[in-house]
Amino acid sequence: MTSAAFERIQSSGPPETEREMCDRVLVEHDADRQDMVPWWRSLSQYFSPRSPKIDKDQSVRGHHLNRHLLDETPLFVRRMLAALLSWGITNPSREWKELAVPDVTLQESPAVADFLHVLNERMSAARARSNFYKAMVRVYVEVSVYATASFLVEEDERDIIRCVPWGIGSYGLADNAADEVESASRIFKMTARQIVERFGERDGAGWKTDRFSPHLASAVNGRKWGQSFNVAQLLTPNRDFDGLTRERAFKRYASYYWEPGTKPVSDRQMFLAKEGYDEWPLIVFRWRRATEEVWGVDSPAMMVLGSAKSMQQVESTALLLL
């Protein structure tokens, strides 16, 4: 799928609005990942039962968390592999990444060397100050099990950057012609308090609610701050991109937030926010990419899923014989 997918050419009828485009792409992404959901569900049951819910069918987990496990070996092996990957690739106790310039002659310049040294030191400090390393531990867990993992990199006033993990099963991806992720969407939960803190606008002593759905507005006005709501996010090339302005709504990549499943009654209710990025902000890890597939495959857990199932069956049979 390329950026043309986000600018549907219609031979008749009114042009597609931004909100219609967002709702359509959300449905397309959900359909694209359905083939992977049964596989992810099995992997979750045997290797990561406390992972986020893989799909909407997992409405209740509770005491069912470990019902497929009699032998916990897969859990400990998964944890050990994630720890080894973290220690060997992005070890926070040593410098594992340095910037350089391709010109060897320029690299030997004292001024260039000093500049790169300062830049590397600042990047290292920014990673250590943020939650980057915590996010990477989660990445190693998910990519070793599901073969795909991702997190969003946001600017943060306090910590410079903030990494927002996207749980497997909650998001969809699409590649461009160069096999690079070019669009992504997700649906996640936020409480009324989180929504007004993230997207709300002050109106005197209260909050403006004209951009909220009636249900959300009622919760905010009634101070039901713990009530949860679905929020959708779409990252996509911005069809309103304007390289001459610094306004976030006109940057190269757009980020839309809205309440899915609601019907806006005014232009103000189309989106909770429309933001933007100069560079693609979602870091996506794939263990191995199959041809013409957007999702990773052949992770260690995928390769030994049959053995993990057999192990539990053997353990169950042995217990019955006691």
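User: In this predicted model, in which strand does Gln-233 lie?

Analyst: The model is a predicted one, and within it the strand that covers residues 228-237 takes in Gln-233. The element that holds Gln-233 is therefore strand S7, a run assigned by DSSP and numbered from the N terminus.

User: Is Gln-233 buried or exposed?

Analyst: A residue counts as buried when its relative accessible area is under 20%. Because the relative accessible area of Gln-233 is 0%, this residue is buried.

User: Which side chains are joined to that of Gln-233 by a polar contact?

Analyst: One polar contact, of 2.9 Å, links the side chain of Gln-233 with that of Arg-186. Another, of 3.1 Å, links the side chain of Gln-233 with that of Ser-255. Both partners also appear among the residues in contact with Gln-233 once neighbours within four places in sequence are left aside, a list that includes Leu-152, Trp-166 and Tyr-257. The side chains asked for are those of Arg-186 and Ser-255.

User: How far apart are the end C-alpha atoms of helix H6, and what span should its 15 residues have?

Analyst: Helix H6 covers residues 132-146, and its expected span is 1.5 Å times one less than its number of residues. For 15 residues this gives 21 Å, which agrees with the distance between the end C-alpha atoms, and that distance is 20 Å.

User: How many of the residues of H6 are buried, and which residue just after H6 takes a positive phi?

Analyst: Helix H6 is mostly covered, since 12 of its 15 residues are buried. Among these buried residues are Phe-132, Met-136, Glu-142 and Tyr-146. Just after the helix, a positive phi of about 70 degrees is taken by Ala-147.

User: Which residues touch the most other members of the largest nonpolar core, and which helix gives the most to this core?

Analyst: The largest nonpolar core has 47 residues, and within it Trp-40 and Leu-43 touch the most other members. Five residues of this core come from the helix that gives the most, which covers residues 37-47 and is helix H2.

User: Which other core lies apart from the largest one, and which cysteine is among its residues?

Analyst: Apart from the largest core lies another, of 13 residues, among them Val-141, Val-143 and Ala-149. A nonpolar core is made of buried residues, and the cysteine among them counts as buried at 3% relative accessibility. That cysteine is Cys-163.

User: How many disulfides does a search of the whole structure find?

Analyst: A disulfide requires a pair of cysteine sulfur atoms within 2.5 Å. Across the whole structure, the number of disulfides found is zero.

Conventions: Residues are numbered from 1 along each chain as its sequence is written. This is a predicted model: local features need pLDDT of at least 70, side-chain atom pairs count only at pLDDT 80 or more; totals for chains, interfaces and linings use all residues. Side-chain values use heavy atoms; hydrogens and water are left out. Buried means under 20% relative accessible area, exposed over 50%, partly exposed in between (1.4 Å probe, protein chains only). Helices (H or I, at least four residues) and strands (E, at least two) are DSSP runs, numbered from the N terminus. A polar contact is a pair of N or O atoms within 3.5 Å; within protein, one must be able to donate a hydrogen and the other to accept it, and residues adjacent in sequence count only if both atoms are side-chain atoms. Contact means heavy atoms within 4.5 Å. A nonpolar core is a set of buried Ala, Val, Leu, Ile, Met, Phe, Trp, Tyr and Cys residues joined through side-chain atoms within 4.5 Å.
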